[in-house]
Amino acid sequence: METLLISLLPYIIGSAIVPLQIIIGLLLLKSPNQGLFKAIAYVAGMTITRLLQGLIFGLVLSGSSALTEESSGKNSIISTLLLVLGILLLITAYKKWRREDDPDDSPPKVLTMIDSLTPLRAFGIGLGLPLIAAKLWVFTLSALATIASAQLDQLSSTILYLLFILLAESLLLIPILARILIPERSKYLLTELSAWLTKNSRPITIVVSLVFGLFFLHSGISGLVS
């Protein structure tokens, strides 16, 4: 299981460091009215969507992986997902470099109206973001395919996927914990961090998308040709 968890690390890191989801979480958390409840509702929404994705697609991929011969520890499903993910990330890097709109980005209007959102609407944003962001979809599906290809028992597969969700949302959960444990000190830190992320979102997205895009593209092609 430890080896499989290491195999999931690229998908965990890729899911965790998507700038948009972190910026939304921080802005919700530092909003003047019910900020903590909004942030918790937002993360809860994302968690529920990922649990549903795991329930539905985990069953599909488990059934298909049993019929697929593995090659070099990866089956064709995983390699295809890696290839798609690599292409999506490289397209994102190119669009950001050219200052073009990324379809996974939230409209500026959403970011400006965060302070006026209710916890229920924040929950709805959390539910929807993993569904409309193509890269988050492929990260999750790649993780599920990797778990399914190992053909573990149901309990072990469930534990691994729950660990994936927990770690993928770690950069959203840590600020929430900081707000709970050190409320006064965390206010300044969260304000500075959200401002820095908002200002540097473009170069961060370019670097992350380029590095991970090349990595996943190479892994996908290698798995398909081997």
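Hi everyone, this is a short tour of a cavity, a bent helix and some aromatic rings in a predicted model.

Let's begin with the cavity. Searching the whole structure for cavities of 30 Å³ or more turns up one, and its volume is about 50 Å³. Which elements give two or more residues to its lining? They are α2 (19-29), α3 (35-65) and α9 (170-181). Among the lining residues are Ile 22, Leu 26, Val 43, Leu 171 and Pro 175. By class, the lining has nine nonpolar residues, one polar and no charged.

Next, please find helix α10, residues 183-225. This helix has 43 residues, and a straight helix would reach 63 Å at 1.5 Å a residue. Here, though, the end C-alpha atoms are only 53 Å apart. Where does α10 bend? Look at Asn 200: the bend there is about 65 degrees, and Pro 203 follows within four residues.

Now for the aromatics. The structure holds seven aromatic pairs. In one of them, Tyr 161 and Phe 164 are stacked, with 5.8 Å centre to centre and 20 degrees between the planes. Why might these two rings meet? An α-helix has 3.6 residues a turn, so residues three or four places apart point the same way. Tyr 161 and Phe 164 are three residues apart in helix α8, which means about one helical turn separates them. Both are buried: Tyr 161 has a relative accessible area of 6%, and Phe 164 has 0%.

One last stop: Tyr 11, Phe 139, Phe 212, Phe 215 and Phe 216 form one aromatic cluster. Thanks for listening!

Technical notes:
Residues are numbered from 1 along each chain as its sequence is written. This is a predicted model: local features need pLDDT of at least 70, side-chain atom pairs count only at pLDDT 80 or more; totals for chains, interfaces and linings use all residues. Side-chain values use heavy atoms; hydrogens and water are left out. On a 1 Å grid over the protein atoms alone, a cavity is a set of points where a 1.4 Å probe fits but cannot get out, and a pocket is an open set with protein on both sides within 12 Å along at least five of seven lines; lining residues have an atom within 4 Å of a point. Grid points are joined across faces, edges and corners, and a volume is the space filled by probe spheres set on the points. Ala, Val, Leu, Ile, Met, Phe, Trp, Tyr, Cys and Pro count as nonpolar, Asp, Glu, Lys and Arg as charged, and the others, Gly among them, as polar. The expected span of a helix is 1.5 Å times one less than its number of residues. The bend at a residue is the angle between axes fitted to the seven residues ending there and the seven starting there. Rings of Phe, Tyr and Trp (its six-membered ring) pair if their centres lie within 6.5 Å; planes under 30 degrees apart count as stacked, over 60 as edge-to-face and the rest as tilted. Buried means under 20% relative accessible area, exposed over 50%, partly exposed in between (1.4 Å probe, protein chains only).
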